[in-house]
Amino acid sequence: MASDAEELASGIRVVMNATDVSGLRRLTGGASRETWRFNADGQDFVLQRVRKGTPGGLRTEPAVLAAAHRGGVPVPELVVDGSHRDELDRPFMIVRAVQGETIARKILRDDEFSAARQALPAQLGKAAAALHRISASEVEGLVNEDQIDRYKQVLDDLGEPHPVFEVAFRWLEMNRPTSTRQCIVHGDFRLGNMMVNEQGLSAVLDWELSHIGDPMEDLGWLCVRAWRFGGAHPVAGLGTYEALFDAYEAESGVRPDAHIVRWWETLGTLKWGIMCITQASAHLSGMARSHELAAIGRRVCENEYDLLELLTLENS
Amino acid sequence: MTAPHDRPSAVELLEAVREWMEKDLMSGIEPRLQFHTRVAMNVLDIVSREIAMGADQLQSHDELLASFGVKSDAELSQQIRNGDHDASLLEVLGRLRPVIEDKVRVANPKYLR
């Protein structure tokens, strides 16, 4: 394993054109990515590399990151796009390291983030608006699929029917927003994927789920109760819809329609409920035995409960 | 309640393990394992609550399904997907609510508003 890291370090020296690469260490990453941190000639960087045996490469992520940066969204600066390069054995990208915290519970509770908590709802609205202003044609190859069809398929493949989820699917189909704008959406725009420092948002991270869709998808997902992490307020647990919408409107000139955002929040709640089944099934199938994943199976009903509340509210 | 088994009951056994985790194990381990231990304690709590409430909840669930003329969640789900309840989705939700609240009462009672 040590020689793996040495080999990686020498590969990084080549692609960074650096004389000195030090402090290379692996961070916890996602299911399909490895994340490494290192220092090159005195500056800190983060390497993301496709996990061994994972098909599909980095797809559009580096291109989206670059487009977001050009559009004024706070993101880590892309330094090397290695999505089609082979010096590091597998597709990769290198970004400049951003200082801050991503753990939602700390951001929501620790004293050092009290000013950040005040600032975040508006900063998130502004960042989303800046992203949604970017022309969809700036990045090629982004998928545009119907989320209802997709998640119905995911649920059916899992083979665990839930009547509340079916009511939600019906309601979402019958109340689908009309004439929506299509643009680049982040696809996982929530606390946990935001780098936050004492002043608030420093970078929007984790762009691997970005796609073409309705911009209100990002705002709705941000407000799903699971992503409030126990916080009392709808926007990332710490702000009001009004604060989010005001900032979005100030940046884009477009005021979000509360009902459309709520439609996406409802779909987001349904999606997270289905994802909880997926996570538990990774344990149950033996793919990844873990009591943590097993426990997530008992969070499915939190989403059923939230759907009851959302649907009752929207129709009362 | 526990016959033919001896004391401790199933719930009492879970409590014993949980107390050991909380009072002894937690203090001697690194933060990452503390997190996983907290998850494990939470799982034991879920099982305790399910043992305490499960029988009554099973009956409520059976009664709910019977009121729709079905034998399983799968059958009811299919009815809803077929559009059989389109004219009364809200009413269906109202009828499902007690069973969903039962599930949350076992899984994470603090979640209920």
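Which hand does the crossing of α5(A) and α6(A) have? I looked this up at the start, and the crossing is left-handed (a crossing is left-handed if the near helix is turned anticlockwise from the far one by less than a right angle, and right-handed if clockwise).

**Ground rules.** I am working with a predicted model, in which local features need pLDDT of at least 70 and side-chain atom pairs count only at pLDDT 80 or more, while totals for chains, interfaces and linings use all residues. Residues are numbered from 1 along each chain as its sequence is written, chains are lettered from A and ligands numbered from 1 in the order in which they are written, and side-chain values use heavy atoms, with hydrogens and water left out.

**Helices α5 and α6, chain A.** I found helix α5 at residues 147-158 and helix α6 at residues 163-174, with axes that come within 11 Å and cross at roughly 165 degrees. Helices here are DSSP runs of H or I with at least four residues, numbered from the N terminus; axes are lines fitted to C-alpha atoms over the stretch in contact, and angles run from 0 to 180 degrees between N-to-C directions. That angle makes α5(A) roughly antiparallel to α6(A), the term for angles over 145 degrees. For the contact (heavy atoms within 4.5 Å), I noted A:I148, A:Y151, A:K152 and A:L155 on α5(A), and A:F165, A:E166, A:F169, A:L172 and A:E173 on α6(A). These residues divide into six nonpolar, no polar and three charged; Ala, Val, Leu, Ile, Met, Phe, Trp, Tyr, Cys and Pro count as nonpolar, Asp, Glu, Lys and Arg as charged, and the others, Gly among them, as polar.

**Helices α6 and α9, chain A.** I then followed α6(A) to helix α9 (residues 258-284), where the two pack at an angle of about 150 degrees with their axes 11 Å apart, again in a left-handed crossing. From α6(A), A:F165, A:A168, A:F169, A:W171 and A:L172 take part, and they meet residues of α9(A) including A:W263, A:L270 and A:I277. I recorded ten nonpolar, two polar and no charged residues in this contact.

**Helices α2 and α4, chain B.** Helix α2 (residues 31-67) and α4(B) pack at about 170 degrees, with their axes 9 Å apart, which makes α2(B) roughly antiparallel to α4(B). Among the residues that meet are B:R49 and B:E50 of α2(B) and B:D102 and B:R105 of α4(B), and by class I noted seven nonpolar, four polar and five charged.

**Salt bridges.** The structure holds 34 salt bridges over all chains, each being a side-chain nitrogen of Lys or Arg within 4 Å of a carboxyl oxygen of Asp or Glu. B:E101 and B:R105 meet in one of them at 3.8 Å, N to O, and both lie in α4 (residues 89-107) of chain B, four residues apart, about one turn of the helix. Salt bridges that share partners join A:E309, B:R97, B:E101, B:D102, B:R105 and B:R113 into one network.

In chain A, I looked up A:E87 with A:R85, whose closest N and O atoms are 2.9 Å apart; A:E87 is partly exposed at 37% relative accessibility, and A:R85 is partly exposed at 33%. A:D89 pairs with A:R90 at 3.5 Å between the closest N and O atoms, where A:D89 is exposed at 55% but A:R90 is buried at 12% (buried means under 20% relative accessible area, exposed over 50%, partly exposed in between, with a 1.4 Å probe and protein chains only).

Terms used:
Parallel < 35°, antiparallel > 145°, perpendicular 65-115°, else oblique.
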